[in-house]
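Here are my notes on this one, point by point. Have the model open while you read.

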Amino acid sequence: MAGVAPPLCTWLVAACLSAACGDGEKEKLRRHGAAGGLFSARRRPGARCRGRGRSGIPMAVALHPEMGAVESKKPDIKQRRVVVTGMGVVTPLGHDPDEFYNNLLQGVSGISEIEAFDCSNYPTRIAGEIKSFSTDGWVAPKLAKRMDKFMLYLITAGKKALENGGITEEIMNELDKSRCGVLIGSAMGGMKVFSDAIEALRISYKKMNPFCVPFATTNMGSAILAMDLGWMGPNYSISTACATSNFCILNAANHIRRGETDVMLCGGSDAPIIPIGLGGFVACRALSQRNSDPAKASRPWDVDRDGFVMGEGAGVLLLEELEHAKQRGAEIYAEFLGGSFTCDAYHMTEPHPEGRGVILCIENALADAGVAKEDINYVNAHATSTQMGDLKEFEALNRCFGHNPQLRVNSTKSMTGHLLGAAGGIEAVAAVQAIRTGWVHPNINLDNPEKNVDVNILVGSEKERCDVKVALSNSFGFGGHNSSVLFAPFK
């Protein structure tokens with residue numbers, strides 16, 4: 001029956017209730033037993049287990065009515081500042097943050113014909129495919145042979161972020177590893193490992209890779225990286241389709257802000273350019289079919305756009321509590337100011353026609369960061385080169401920021417394609433690099449802009465000077481997931 005919890009879930013929840021409730025409550029659970037159902041045991045009025053209120057805020061309540069309510073107060077802790085001290089990327093435009101951003105500034109396209117497999121029978125045969133990639137020095141050879149590419153990209157980008165952030169072996173040994181965490185997600189997880197397992201199963205289960213289940217799950221990349229580093233702080237993954245990276249970045253920052261950690265690796269990774277990945281998005285009718293001219297295929301806000309172009313890779317930030325970064329003499333690239341998540345609650349794949357979820361997300365992000373809308377002068381848009389998505393995001397930006405002549409807007413995807421769960425990761429790197437360099441990259445292929453788009457705020461076909469005050473990076477995903485994160489120069 002759909003309404004009955006599986007035995008494992010029942011056992012886990014029962015164990016949690018047992019640990020959280022008083023002796024009297026435990027006895028009641030034992031008397032009712034599993035046959036009565038997990039929720040059949042009625043508590044006497046006033047007797048309650050410690051739990052959470054509807055808002056998700058921890059509550060302390062009386063276990064016995066005669067004792068009255070028990071007040072619980074957290075100590076007042078001033079919200080801690082979070083800074084970016086390292087960046088790591090694996091992308092179609094390079095595997096070093098500076099190489100990656102220099103290519104963006106030059107307007108180089110990373111879109112090309114797919115070479116990893118024969119896709120001659122597919123209507124789409126192009127992608128932001130990584131042609132050259134090595135795990136040498138980053139991943140143990142034995143693991144590199146077995147892991148899915150999304151994990152290889154994730155671990156490599158994560159370690160490169162540490163190297164970029166000046167985390168030497170000596171500094172690593174001095175870190176309090178109980179206060180260091182990893183939160184790098186994936187939209188699709190280990191698609192190739194799982195797809196190969198299905199093919200093996202057609203012959204026999206004995207032919208299946210014994211690692212096919214753990215290496216297909218989205219959390220295992222963060223887990224393996226933490227094992228390698230010995231980091232014992234928060235470790236998990238979030239999967240919210242193409243908004244994954246931003247969800248991970250904001251949650252990682254919040255762990256630091258709340259005083260739970262000092263250092264976090266965060267971002268996203270995906271490797272979907274395989275037959276089932278390409279075929280799935282072709283079936284959705286979401287992809288560009290401009291096979292004859294791959295470099296021109298991804299064209300956000302252009303009238304002639306015909307869908308997005310798949311990409312692959314990983315983008316990871318090293319976030320650090322400000323005083324912790326100062327104490328070790330870290331170079332601070334930018335400050336993370338805040339962010340927000342919302343849900344359109346409208347459609348699986350289409351944006352809300354009035355952009356309500358996106359507008360709410362941006363407004364909440366500004367409130368979380370404590371900045372005025374006039375402070376935003378650079379937006380790295382989600383803009384994937386789809387008919388509806390590009391326009392609805394632009395309309396939302398107009399609603400939020402008005403006609404601000406200082407605002408500059410661009411789309412990294414015009415050159416990288418859409419890296420799905422990793423998109424927000426590499427675009428956060430692009431936003432930080434814009435702050436560092438004072439240059440914002442161009443929008444390529446914007447030859448014939450939509451008439452409803454104000455080209456005066458869009459970056460042109462060449463890079464532009466921009467003294468970034470506050471940068472906003474948007475990522476949206478199937479399911480109506482919206483996310484916005486904010487970065488600024490450290491002062």
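1. First, a term: a pocket here is an open set of grid points with protein on both sides within 12 Å along at least five of seven lines. Keep in mind too that this is a predicted model. With that said, the largest pocket comes out at a volume of about 760 Å³.

2. What lines that pocket? There are 39 residues in the lining, and T349, E350, P351, T386 and F478 are the ones nearest the centre. Helix 13 (387-401), strand 12 (470-477) and strand 13 (481-488) are the elements that each supply two or more lining residues. Of these, helix 13 gives the most, with 6 residues. As for chemistry, the lining splits into 16 nonpolar, 16 polar and 7 charged residues.

3. Now the sheet. It is open, with 9 strands in the order 4-5-6-1-7-13-12-8-9 and mixed pairing. Strand 4 (180-185) and strand 9 (408-410) are the edges, each pairing on one side only. From one strand to the next, the twist averages 25 degrees.

4. Have a look at the strand 9 edge. Strand 8 (residues 376-380) runs parallel to strand 9, and the two pair over 3 bridges. N380 has N410 of strand 9 as its bridge partner.

5. Two helices that pack on the sheet are worth checking. Helix 5 (residues 149-164) touches strand 1 (82-90), strand 4, strand 5 (263-270) and strand 6 (313-321), and its direction makes about 135 degrees with that of strand 1. Helix 12 (residues 356-369) touches strand 7 (334-343), strand 8, strand 12 and strand 13; here the angle, taken with the direction of strand 7, is about 145 degrees.

6. How do helix 3 and helix 15 pack? Helix 3 (residues 97-105) meets helix 15 (residues 423-437) at an angle of about 80 degrees, with the axes 10 Å apart. Angles of 65 to 115 degrees count as roughly perpendicular, so that is what we call helix 3 and helix 15.

7. As for who touches whom, helix 3 brings P97, D98, F100, Y101 and L104, while helix 15 brings I426, V429, A430, Q433, A434, R436 and T437. Sorted by class, this contact has 8 nonpolar, 2 polar and 2 charged residues.

Technical notes: Residues numbered from 1 in each chain as written. Predicted model: local features only at pLDDT ≥ 70, side-chain atom pairs only at ≥ 80, totals over all residues. Heavy atoms only, no water. 1 Å grid on protein atoms, 1.4 Å probe; cavity = no way out; pocket = protein on both sides within 12 Å on 5 of 7 lines; lining within 4 Å. Points joined across faces, edges and corners; volume = space filled by probe spheres on them. Helix = DSSP H or I, 4+ residues; strand = E, 2+ residues; numbered from the N terminus. Nonpolar A, V, L, I, M, F, W, Y, C, P; charged D, E, K, R; others polar. Pairing = 2+ DSSP bridges. Axes fitted to C-alpha atoms, helices over the stretch in contact; angles between N-to-C directions. Contact = heavy atoms within 4.5 Å. Parallel < 35°, antiparallel > 145°, perpendicular 65-115°, else oblique.
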